[in-house]
Amino acid sequence: MHDGERPWLTELRALFPNDRVSTNPTVLEQHSHDESYHPPHLPDAVVFPKSTEEVARLLRFANARRIPVIPFGVGSSLEGHVVPVRGGISLDLTRMNRILDVRPADFLVHVEAGMTRTALNRALARHGLFFSVDPGADATLGGMAATNASGTTAVRYGVMRDQVRGMTVVLADGRVIRLGGPYVKSSSGYDLKQLFLGSEGTLGVITSLWLRVFGLPEAAYAARATFPSVRQAVEAAHAMLRYGLALARVELVDRTSIRQMNAMKGTTYPEADTLFLEFHGSPAALEADLPAAEAIARDGGATAFEIEREKEARDRLWEARHHLAYAYLHAHPGKKQLVTDVCVPLSVLADGIELARRELEARGLEGGVLGHIGDGNFHTIVMIDADDPADVARAEGLHEALVRYALSVGGTATGEHGVGLGKLKYQAEEHGEALSLMQAIKRLLDPAGILNPGKKIPLPPDESTG
Ligand SMILES: Cc1cc2nc3c(=O)[nH]c(=O)nc-3n(C[C@H](O)[C@H](O)[C@H](O)COP(=O)(O)OP(=O)(O)OC[C@H]3O[C@@H](n4cnc5c(N)ncnc54)[C@H](O)[C@@H]3O)c2cc1C
């Protein structure tokens, strides 16, 4: 997979201090894969920049020599996004991890792109503030911006796209541009910031971000409601949203996933289709909302409704939810995961989830369904033997059935994980004529095709570098 040292490596090493360029086999291996089943591929080198200027220097060097550059956060993505399929340089941003400015009065923070969301939240807590987007994994803020990540709290606070006020981006040829800034709104120029959000490292490298932050809620309570079916759970959740309750998270965990959770975390949650809920607000408002939520759940067929007021119990509940993917991996040693990510109109969400369950059973696949059901976005975790082509094909068949379903009801192939390699084949069908405009933008911003080649947007093979 790795065909010896490239001639340009000597020049590359001369451009940076010693500790910034690595060809150590362990470091190359760490940058050869993400958290998915997509086959790994080694980069030729990993570069660890410490400033926007160093990123620009690297891109000028790589662009002149048509060397692929793959921006890398912590590699927690799920569709092969960071796999250097054509070798080249993995650009690891994690040493750019400083807070540049905190402005509590403006509800804003300015960070370098390699900072992780939990490190940011630790620093914000002393100001009584928090950053809301929570994809579970301890991802970098640059990686989250580049995938337009969301997760459990989007139903209340919005997705990454809603939080980014400004950014610094280095273009493929090394030009540095600043987009947006520390203000709430603007009608000036074209909103290029939105173009880079969700661009998966294919249009530029994000080096800093101005992010919206929120005041820590006075109170946060969690609850678990169990139901006889996923349909009843979904309908009850949507009734709670219609009622205007102070919901900050509305997550579905199906009965198979609860079993995995109990087995790994030692929890004793009933093995039933379950809603994990969280409410944010003043204690008085929440004390009024909780009985209303329970009444809606029980009207909808809930067999139990357990409230967790203590922070420790609440943290345990969300930790169990967030570690679910690892619970599946733990229970299936040697297997990898394929995770679907469709997002559909709320009115047909229950149909989609039922289809996912039927597809798992009909194909004899091991896995379960969980969902950010306030957003119409759900995941099917499918455990596969990545070395068995028949197993991979069965799982990809399920993936395809769900994407086709989502597109047929006006939904999207990916609500939050992004395209990477795994959803490239659906882009033409989903975007139609708009895809040609996307390809033209890619050609304009990255004419040599060096930025994360082979991902996000299908292009003829001769247009990408490598
Ligand atoms: C257990 C688990 C649960 C998850 N749950 C969720 C979830 O609920 N919601 C969700 O949205 N995601 C989820 N994810 C996916 C993943 O955590 C997100 O996609 C995250 O945003 C990736 O961040 P990262 O730092 O790991 O980026 P990486 O995986 O390193 O990179 C992701 C993409 O962004 C590009 N990139 C990285 N940094 C930059 C930069 N500075 N400039 C330009 N491009 C860059 C890369 O080239 C790549 O294409 C989950 C993953 C796991 C493992």
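Let me start with valine 169, which stands opposite isoleucine 206 in strand 10, and I should say at once that what we are looking at is a predicted model. That pair belongs to the pairing between strand 8, residues 164-170, and strand 10, where 6 bridges join the two strands and the direction is antiparallel. Strand 10 also pairs with strand 6, residues 108-112, and here 5 bridges join the strands, which again run antiparallel. If you want one pair to find on the screen, take leucine 108, whose bridge partner in strand 10 is arginine 212. As a reminder for anyone new to this, strands of a sheet pair through backbone hydrogen bonds, either parallel or antiparallel.

How many of the 8 residues of strand 10 are buried? The count is 7 for this strand, which covers residues 205-212, and so strand 10 is largely enclosed by the rest of the structure.

Staying with strands, there is also an open sheet of 4 strands, in which the order is 1-2-4-3 and the pairing is mixed. Its edge strands are strand 1, at 21-22, and strand 3, at 69-72, each of which pairs on one side only. Strand 2, residues 45-47, and strand 4, residues 89-92, run parallel and are joined by 3 bridges, and within strand 4 it is isoleucine 89 that serves as the bridge partner of alanine 45.

A word on the annotation: UniProt, in an unreviewed entry, lists residues 39-216 as "domain: FAD-binding PCMH-type". Over that range the chain is 24% helix and 25% strand, with the C-alpha atoms at its two ends 41 Å apart.

Let me move along the chain to phenylalanine 227, which has its place in strand 12, residues 219-227. Is this residue buried or exposed? Phenylalanine 227 counts as buried because its relative accessibility is 1%, and the cut-off for buried is under 20%. Setting aside neighbours within four places in sequence, its contacts include Gln232, Ala233, Ala236, Leu275, Ala297 and Thr303. Aspartate 254 is 27 residues from phenylalanine 227 in sequence, and their C-alpha atoms are 9.6 Å apart in space.

Two of those contacts, Ala236 and Ala297, take us to a pair of helices, since Ala236, Ala239 and Met240 in helix 9 meet Ala293, Ile296 and Ala297 in helix 11. By class, this contact has 6 nonpolar residues, with no polar and no charged ones. Helix 9, residues 230-242, and helix 11, residues 283-299, pack at an angle of about 145°, and their axes are 9 Å apart; the crossing is right-handed.

I will finish with two further buried residues, beginning with glutamine 337, which lies in strand 16, residues 336-339. Its relative accessible area is 3%, so glutamine 337 is buried. Valine 382 is 45 residues away along the chain, yet the C-alpha atoms of glutamine 337 and valine 382 are separated by 5.5 Å. Beyond its neighbours within four places in sequence, glutamine 337 is in contact with Val382 itself and with others, among them Glu35, Tyr37, Leu78, Ala325 and Met383.

The other residue is histidine 399, in helix 15, residues 389-408, and it counts as buried because its relative accessibility is 3%. Which residues does histidine 399 touch, not counting those up to four places away in sequence? They are Glu79, Leu338, Thr340, Gly422, Lys423 and Tyr426.

Conventions
Residues numbered from 1 in each chain as written. Predicted model: local features only at pLDDT ≥ 70, side-chain atom pairs only at ≥ 80, totals over all residues. Heavy atoms only, no water. Buried < 20%, exposed > 50% of the residue type's maximum accessible area, 1.4 Å probe, protein only. Contact = heavy atoms within 4.5 Å. Pairing = 2+ DSSP bridges. Axes fitted to C-alpha atoms, helices over the stretch in contact; angles between N-to-C directions. Left-handed = near helix turned anticlockwise from the far one by under 90°. Nonpolar A, V, L, I, M, F, W, Y, C, P; charged D, E, K, R; others polar. UniProt positions renumbered as here; feature names shortened; annotations may be inferred.
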